[in-house]
Amino acid sequence: MDATASSATVTPRISTGSQASERDEKLAQIGGNVANIWRGWWTWSPGNGVWNLQIPWNVIGVNSTVVITASEIDGNGNRFVGAAPFQVSSIAPAAGVVTFKINIDWGSPLPMRTDVVVFN
């Protein structure tokens, strides 16, 4: 993971996640040019600053469309909107993984949850 923030920042790391879905679950045809949709979530250890993070997930391919949202969480893992801005950008899917940039614009480390939707 590449840091583009000062040495006073802390890198977020995955703490927990939702149950992974497998490619072969034989989900019904969605329609249009989307055949499958998967949703998952991951909680992260507290962090702050700007980082490139990765989520490994076998349903992601190089041609997947991946949407990621990020929220601060409380001690029980509940999402809420606090004073700290969380920004997700530069989402790049690859074979079995998605890399994204997160900016947690706060002076101290905060825990977060990312929700991920994958369209194939």
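Met112 is a good place to start: leaving out residues up to four places away in sequence, Met112 touches Pro12, Trp42, Thr43, Trp44, Leu53, Ala70, Ser71, Glu72, Ile73, Phe86, Ile102 and Ile104. Here a contact means heavy atoms within 4.5 Å.

Some ground rules first. This is a predicted model, in which local features need pLDDT of at least 70 and side-chain atom pairs count only at pLDDT 80 or more, while totals for chains, interfaces and linings use all residues. Residues are numbered from 1 along each chain as its sequence is written, and side-chain values use heavy atoms, with hydrogens and water left out.

**The overall fold**

The protein chain has zero helices and eight strands, giving the pattern β-β-β-β-β-β-β-β along the sequence. Helices (H or I, at least four residues) and strands (E, at least two) are DSSP runs, numbered from the N terminus. Of the contacts in the protein chain with a separation of 6 or more, 74% are between residues 24 or more positions apart. The accessible surface comes to about 6,600 Å², and carbon and sulfur atoms account for 51% of that surface; these areas come from the Shrake-Rupley method with a 1.4 Å probe, and for residues only the protein chains shown count as cover. Of the 120 residues, 35% are buried, where buried means under 20% relative accessible area, exposed over 50%, and partly exposed in between (1.4 Å probe, protein chains only).

**The sheet and its hairpin**

Five strands make an open sheet in the order β1-β2-β8-β4-β5, with antiparallel pairing. Its edge strands are β1 (14–17) and β5, each of which pairs on one side only. Two strands are taken to pair if DSSP finds at least two bridges between them.

Strand β4 (residues 65–73) and β8 run antiparallel and are joined by eight bridges. Along this pairing, Ala70 has Thr114 in β8 as its bridge partner, and Glu72 stands opposite Met112 in β8.

On its way to β5, the chain makes a turn. β4 and β5 form a hairpin with five residues between them, and Gly77 in the turn has a positive phi of about 85°. The two strands pair in the antiparallel sense over two bridges, and Ile73 has Arg79 in β5 as its bridge partner. Gly77 itself is partly exposed, at 26% relative accessibility. From Gly77 to Thr16 the C-alpha to C-alpha distance is 9.9 Å, although the two are 61 residues apart in sequence.

**The nonpolar core**

Met112 also belongs to the largest nonpolar core: of the 22 residues there, Trp57, Ile102, Met112, Val116 and Val118 touch the most other members. Such a core is a set of buried Ala, Val, Leu, Ile, Met, Phe, Trp, Tyr and Cys residues joined through side-chain atoms within 4.5 Å. The elements giving two or more residues to this core are β2, β3 (49–56), β4, β7 (97–104) and β8. In soluble globular proteins, nonpolar side chains tend to be buried together.

A polar residue in β8 is buried as well: Thr114 lies in that strand and has 0% relative accessibility. The side chains of Thr114 and Trp44 are joined by a polar contact of 2.9 Å. A polar contact is a pair of N or O atoms within 3.5 Å; within protein, one must be able to donate a hydrogen and the other to accept it, and residues adjacent in sequence count only if both atoms are side-chain atoms. Beyond its neighbours within four places in sequence, Thr114 is in contact with residues including Gly40, Ile55, Ile68 and Phe100.

**A salt-bridge network**

A salt bridge is a side-chain nitrogen of Lys or Arg within 4 Å of a carboxyl oxygen of Asp or Glu. By this rule there are three salt bridges, listed here.

| Salt bridge | Closest N to O distance |
|---|---|
| Arg39 and Asp115 | 3.3 Å |
| Arg79 and Asp115 | 3.1 Å |
| Arg113 and Asp115 | 2.8 Å |

Together, Arg39, Arg79, Arg113 and Asp115 are linked in a network of salt bridges. Arg39 lies in strand β2 (residues 37–47) and Asp115 in strand β8 (residues 110–119), so this pair ties together parts that are 76 residues apart in sequence. Arg79 lies in strand β5 (residues 79–80), so its pairing with Asp115 in β8 ties together parts that are 36 residues apart in sequence.

How buried or exposed are the network residues? Asp115 is buried, with a relative accessible area of 9%, and Arg113 is buried at 11% relative accessibility. Arg79 is partly exposed at 44%.
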